Amino acid sequence: MEAMKNIIEKYQHKHISLVEAGVTRHRSIFNGLKALAGDHPDSTLRKPEVVIIHDAVRPFVEEEILLNVVTAAKEHGAAGAIRPLVSTVISPSADGCLDHSLERARHRASEMPQAFLFDVIYEAYQQ
C-alpha cells in the first residue's frame, strides 16, 4: 500500500483512491465495491453507474474494449471481454484419459475486464 501511495504522490496522479486488499481476490473486489458504495471508512468516493473489474496482472487494455464492456453492461446489466480460444480444452473420461477436446472455433474464453451496473454487482457481493 505504501509503494502505491508513493507512486501516486511522485507522479501527482489525480482521481485515484486506494483500498486495502483482502485475503482473496473476492474480498479485494468487495472492499473496492464497499468503498465506492460509501460503506468503507474514510471513503470520499461516489457510487458509479457502472464498475469495471480488471486484474492487475494484465493492466493494459484497449480503450475500445473498455467502451464495449461498459456499453454492454449498461444495456444488459453485466458484460465481459471474450476472446477466441487459443489453447486446446479437453474433457477427460472417468479414468482421466482424453475423452474429447472442444472445437475451438465454436467456443470463446471469458476474460477481464468485466463491467457491471454497480447495483447489480454490489448486491451480488453482499449475498
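Reader: In this predicted model, what share of the contacts between residues at least 6 apart in sequence join residues at least 24 apart?
Author: The share is 58% of those contacts in the chain.

Reader: Which pattern do the helices and strands follow along the sequence?
Author: Reading along the chain gives α-α-β-α-β-β-β-β-α, with 4 helices and 5 strands in total. The chain is more spread out than a compact globule, because its radius of gyration is 18 Å, well over the 14 Å that the globule rule gives for 127 residues. The C-alpha trace spans about 55 × 35 × 30 Å along its principal axes.

Reader: How many of the residues count as buried?
Author: Of the 127 residues, 21% do. The chain exposes about 9700 Å², and carbon and sulfur atoms supply 52% of that area.

Reader: Now to the rings. How is a pair of aromatic rings described?
Author: Happy to explain! Two values are used: the distance of the centres and the angle of the planes. Here, a search of the whole structure finds 3 aromatic pairs. In one of them, Phe 30 and Tyr 122 lie 6.3 Å apart, centre to centre, with 45 degrees between the planes, and the pair is tilted.

Reader: Where in the chain do Phe 30 and Tyr 122 sit?
Author: Phe 30 belongs to helix α2 (residues 25-37) and Tyr 122 to helix α4 (residues 118-126). They are 92 residues apart, so the pair links distant parts of the chain.

Reader: Are these two residues buried or exposed?
Author: Phe 30 is buried, at 11% relative accessible area, and Tyr 122 also counts as buried, at 10%. Both are in one aromatic cluster with Phe 118 and Tyr 125.

Key: Residues are numbered from 1 along each chain as its sequence is written. This is a predicted model: local features need pLDDT of at least 70, side-chain atom pairs count only at pLDDT 80 or more; totals for chains, interfaces and linings use all residues. Side-chain values use heavy atoms; hydrogens and water are left out. Helices (H or I, at least four residues) and strands (E, at least two) are DSSP runs, numbered from the N terminus. The radius of gyration is taken over C-alpha atoms; the globule rule is 2.2 Å times the number of residues to the power 0.38. Buried means under 20% relative accessible area, exposed over 50%, partly exposed in between (1.4 Å probe, protein chains only). Contact means heavy atoms within 4.5 Å. Accessible areas come from the Shrake-Rupley method with a 1.4 Å probe; for residues, only the protein chains shown count as cover. Rings of Phe, Tyr and Trp (its six-membered ring) pair if their centres lie within 6.5 Å; planes under 30 degrees apart count as stacked, over 60 as edge-to-face and the rest as tilted.
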